[in-house]
Amino acid sequence: MKLRDKLWLWGQNPGSHHASGHYRLPGVNKMDSAAGCDFFGIRKCYRVCMKAGPFPPFDAESEKLRHLPEVVWSAVGSGSVERCNEGLGDLPEVLRQAELFPNVSGAVLDDFFASVEGFETSGNVARHSVGNVKIMREKLHNFPARRLNFHLVAYTYQLGLPIADYLELFDIFTLWTWKGSDLPAFPENLKKFKAMIPAAPVMAGCYLWNYGESRPLDPGLMKIQLDCYLEGLKNRDLDGVVVCSNCCADVGLETVGMMKEWIETYGDLEIRGG
């Protein structure tokens, strides 16, 4: 398997990351998820809901991504999507999409665990109970047409939270470093995380903007990130890289060019055991 086959795009509605103003992104974002995949040459997509959308039904968005071999929809969208805190979140709609579109291969829970600050103040470690998550898992694994995978987003700053009962319920994990200044610690954080989970694939989230510190991601930190992920893919510590995202790919960031060059340079690299 080639390195490019290990890449995913974190796909969200255009303008979603500019909407709050908190992240201080420059320019205007018009690139949607499908165009983002084409722009980077990525063939797999996480399609994740934000406060501004999409809203069920997801048919129109799934149709745009029909040409991709694999799409995973969010059953729990970003932290701003309050509807996903009730019932089974958007899982019923994700299952309906899987009935309509054969390339839908699973569901992901985004922004699922509390921030350290949020946990300290509220005591709620997650947006759903373990019982609810077990129901979600059963519905995905017992989907009549094919077994659907259950994906989870975790951040390196959450590794000290009491989340062990949740982690054992997922098939695939993505690990993200929220603050760019924490990227040099990723190898150690990955080691810690892998010791917490069952033997399951772990992919690294790759930010192109320093969202956690509301400023551009320093090119030096971007290089550290890309070098680390390349080494992780080569030695099989990582099973993939998730690029975030179409929402900042067309606003003139230096890191976007670095990401494209990295894919062009290493995309055809054979990954052993893949």
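**Briefing: fold, backbone and salt bridges**

Asp 111 has a relative accessible area of 22% and is therefore partly exposed, since that class lies between the 20% limit for buried residues and the 50% limit for exposed ones. The structure is a predicted model. The protein contains ten helices and ten strands. Its radius of gyration is 17 Å, close to the 19 Å that the globule rule gives for 274 residues, so the protein is as compact as a globular protein of that length.

**Overall dimensions and packing**

- The C-alpha trace spans about 45 × 45 × 40 Å along the principal axes of the protein.
- Of the 274 residues, 54% count as buried.
- Among contacts with a separation of 6 or more, 76% are made by residues 24 or more positions apart.
- The accessible surface comes to about 11,500 Å², and carbon and sulfur atoms contribute 52% of this area.

**Barrel and surrounding helices**

- Eight strands form a closed barrel with parallel pairing, in the order S1-S2-S3-S4-S5-S6-S7-S10. From one strand to the next, the twist averages 25 degrees.
- Within the barrel, S4 and strand S5 (residues 149-155) pair in the parallel sense over four bridges. Ala 107 has Phe 150 in S5 as its bridge partner.
- Helix H6 (residues 130-141) packs on the sheet and touches strand S3 (70-76), S4 and S5. The direction of H6 makes about 140 degrees with that of S5.
- Helix H9 lies across strand S7 (202-207) and S10, and H9 runs at about 160 degrees to S7.

**Backbone geometry in the loops**

- Most residues other than glycine have a negative phi, and most peptide bonds are trans. The items below depart from that pattern.
- The peptide bond from Gly 53 to Pro 54 is cis, with omega near 0 degrees. Pro 54 is placed in the loop between strand S2 (44-47) and helix H3 (59-64).
- The bond from Pro 56 to Pro 57 is also a cis peptide bond with omega near 0 degrees, and Pro 57 is placed in the loop between S2 and H3.
- Asp 111 is not a glycine, yet its phi is positive at about 40 degrees. This residue is found in the loop between strand S4 (104-109) and helix H5 (116-122).
- Arg 236, likewise a residue other than glycine, has a positive phi near 70 degrees. The loop that holds Arg 236 connects helix H9 (219-234) and strand S10 (240-244). With a relative accessible area of 23%, Arg 236 is partly exposed.

**Salt bridges**

- Side chains of opposite charge can pair when their charged atoms come close. A search of the whole structure finds 14 salt bridges.
- Glu 63 and Arg 66 meet through their side chains in a salt bridge of 3.0 Å, N to O. Both partners are partly exposed: Glu 63 at 40% relative accessibility and Arg 66 at 43%.
- Glu 93 forms a salt bridge with Arg 96, and the closest N and O atoms are 3.0 Å apart. These two residues lie in helix H4 (residues 91-100), three residues apart, which is about one turn of the helix.
- Glu 93 counts as buried because its relative accessibility of 12% falls under the 20% limit, whereas Arg 96, at 29%, counts as partly exposed.
- In the salt bridge between Glu 213 and Arg 215, the closest N and O atoms are 3.6 Å apart. Arg 215 counts as partly exposed at 42% relative accessibility.
- Asp 32, Arg 47, Glu 61 and Lys 64 are joined into one network by salt bridges that share partners.

Key: Residues numbered from 1 in each chain as written. Predicted model: local features only at pLDDT ≥ 70, side-chain atom pairs only at ≥ 80, totals over all residues. Heavy atoms only, no water. Buried < 20%, exposed > 50% of the residue type's maximum accessible area, 1.4 Å probe, protein only. Pairing = 2+ DSSP bridges. Axes fitted to C-alpha atoms, helices over the stretch in contact; angles between N-to-C directions. Contact = heavy atoms within 4.5 Å. Rg over C-alpha atoms; globule rule 2.2 N^0.38 Å. Areas by Shrake-Rupley, 256 points an atom, 1.4 Å probe, with all protein chains shown as cover. Salt bridge = Lys/Arg side-chain N within 4 Å of Asp/Glu carboxyl O.
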